[in-house]
Amino acid sequence: MLEVQDKGGKKLVFVKGEINAQTGSELKKDVLALFESADSAVLSFKGVVYMNSSGLREIIDLLKSSNKAKKNLMLCEMSSDIREMFTFTGLDKVFKIYDTQAQALG
Amino acid sequence: MSVEFAKTGDILKVIVGQDASGKELEEASRNILTFKDTARISLDLKNCFYIQSKALAALIAFKKNSYKIGADFVISNVCENVFQVFEMANLNMYFTIVEDFTTYNPDELVEKFFEADYADRVSDFISENMNEVYRKKLYEVMESDEPTLKYYAILTLGKSHDYASEDMIKEALNSDVPQVAKAAVLVLGWFGDTDSKEKIYSFLDCEMEDLRDAAAASIALLSDDSDAERLGKLLSSENISVRKVTIQALTLINDQKAFDLLVQSLNSEKNEEVSSALIRAISSFNKPGVSDILIKALGSSSIKTREAAASGLAKIKAKDKINEILARVTDSDSWVGYFAVKACGDICSVAEAQMLKNSYPEVDENVKLAIVEALGKINADFSEFYISILNDENEDIRKEVLSALANDNKELASGAAVKLFIEDKSWLVRYKALEIINAIKPKDYVELLKEGLETDDSKYVKEKIQSILDAL
């Protein structure tokens with residue numbers, strides 16, 4: 001179960017543990033459901049310790065679906081290891097990534 | 001026309017031509033008074049590469065007249081030369097200056113790919129506002145031979161998930177220009193184009209490090225069960241950067257095979273930098289045995305490896321191994337002790353903190369400092385312990401202890417800070433004490449500071465006292 005907070009019309013989603021094919025797919029489904037009642041979602045990666053390429057592919061797919069639905073997806077609070085995975089694959093240019101929740105929530 | 005008006009909704013854009021005279025600008029500034037239902041006026045200077053000082057008065061009139069009709073006023077797309085004129089006239093703070101790419105047509109936007117300062121932001125703008133006009137322009141660029149434009153066109157199409165361009169991007173894998181091929185490799189990874197994986201593998205042998213890194217990353221992103229083994233062969237490459245990028249790719253693949261290969265490689269790796277990368281990589285796997293590998297690495301002869309192990313143990317929160325980590329705190333090699341403390345700092349409970357405190361008298365100064373830092377991360381009051389070690393001979397330790405004390409118990413910290421401010425022989429400690437006194441503001445602290453201003457022999461402490469007194 002995801003912990004979600006409402007922050008001035010934006011949904012702040014706390015992602016925890018491991019992002020793999022299964023958890024990534026569930027995350028995608030849950031965030032897309034949130035977009036039925038919000039235009040923006042910020043995913044906090046503070047609690048994410050592990051992520052693999054299958055999980056990352058699900059996050060890419062989530063971004064694609066979000067953009068198609070004209071919704072705004074942002075990521076924040078990544079550990080240096082997780083951030084490095086985004087930089088390594090060039091996805092740091094594709095996603096809106098912020099250091100802190102406050103920056104992401106604007 | 002030297003000055004053009006364009007109204008969209010409640011936004012009025014005033015586009016200024018390079019040949020606009022001061023008189024024409026003044027006239028335009030008066031004309032905006034007729035646009036009553038306007039929320040924002042944007043004066044666009046994208047065509048102005050210099051500005052006469054006479055025109056500055058007209059710009060000020062624009063701002064004043066905007067406020068008269070209740071509209072915000074901004075100046076957009078100011079080039080460096082014009083900005084310098086604003087700076088010289090101290091107008092850069094007076095005006096709100098923004099970047100507004102909506103004013104540019106597709107040709108002008110694409111031209112900005114040549115400007116390093118703009119290229120990434122223009123690419124983001126196009127991808128966020130992708131439409132048929134922009135798409136057509138980017139496809140046109142894809143047919144050209146200009147590598148910089150092609151590089152950004154590919155990335156922009158990738159960012160906007162333009163799958164219709166996939167064949168064109170695949171074609172770019174054959175480019176002679178590594179930069180173009182690199183963009184194509186990355187985007188095909190984002191697109192999940194497994195058909196291109198074999199072609200991307202061929203770049204792992206190339207001389208261009210950027211392209212090779214992109215290839216390893218995209219293979220990881222496109223990986224299936226067979227790729228870890230195939231990539232793993234590169235762990236024995238003679239080239240250190242190839243080994244390091246392979247470690248990154250295997251970390252991203254993150255399956256059992258990748259884990260086994262990394263652990264196997266750790267046993268034979270001789271290079272310190274690569275070993276520490278392997279330890280960091282192994283800590284990114286949620287597998288049994290990881291904490292044992294990291295604890296073993298705490299005893300490595302390489303500081304980098306020990307640091308990676310400590311950071312890995314903290315990351316995976318190896319609470320089940322806390323006693324084994326704590327046992328290393330008093331290791332005969334003080335750096336092992338130091339990194340053991342670093343590792344348990346984030347995972348210690350109050351009960352285990354007692355073991356850190358017990359170890360304190362037996363360890364070297366670097367470990368003592370690490371213990372004070374680690375205790376500071378535990379949610380408990382260790383003020384009595386801090387008071388007992390506040391007379392340490394090492395000034396860095398006294399300084400750190402005083403800081404930690406101030407976090408746990410303001411009353412005790414206040415008394416200790418006053419005492420150290422008066423008596424301590426180190427100006428560094430007195431300076432820290434001064435900061436704490438200023439934060440807590442104990443009774444009669446102003447008199448204490450005034451006395452310090454007379455008696456202290458450090459110019460840094462005196463300057464700090466003076467600045468506090470001035471602020472009062």
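Buried area here is the accessible area (1.4 Å probe) that two parts lose on being put together, summed over both. Everything below comes from a predicted model, where local features need pLDDT of at least 70 and side-chain atom pairs count only at pLDDT 80 or more, while totals for chains, interfaces and linings use all residues. Residues are numbered from 1 along each chain as its sequence is written, chains are lettered from A in the order in which they are written, and side-chain values use heavy atoms, with hydrogens and water left out.

**View 1. Where domain 1 of chain B meets domain 2 of chain B.** Chain B is split into domain 1 (3–103), domain 2 (104–222) and domain 3 (383–472), with bounds from an automatic or database domain assignment. The C-alpha centres of domains 1 and 2 of chain B sit 36 Å apart. Contact (heavy atoms within 4.5 Å) brings in 7 residues from domain 1 of chain B and 9 residues from domain 2 of chain B. Together the two bury about 700 Å², with 57% of that on carbon and sulfur atoms. On the domain 1 side, B:K46, B:E99 and B:F101 lose the most area, together 74% of what that side buries.

**View 2. Charges and polar pairs across the same domain 1 and domain 2 interface of chain B.** The rule for a salt bridge (a side-chain nitrogen of Lys or Arg within 4 Å of a carboxyl oxygen of Asp or Glu) turns up 2 of them here. B:K46 pairs up with B:E108 in a salt bridge, with the closest N and O atoms 3.0 Å apart. There are also 4 residue pairs in polar contact, both at pLDDT 80 or more; that term means a pair of N or O atoms within 3.5 Å, and within protein one must be able to donate a hydrogen and the other to accept it, with residues adjacent in sequence counting only if both atoms are side-chain atoms.

**View 3. Chain B against chain A.** This contact draws 29 residues from chain B and 22 residues from chain A. The chains bury about 2,200 Å² between them, 61% of it on carbon and sulfur atoms. B:W190, B:L221 and B:L252 supply 28% of the area chain B buries here, more than any other three residues.

**View 4. The salt bridge between chain B and chain A.** The count is 1 salt bridge. B:K315 makes a salt bridge with A:D81, the closest N and O atoms being 2.4 Å apart. Across this interface, 9 residue pairs are in polar contact (both at pLDDT 80 or more).
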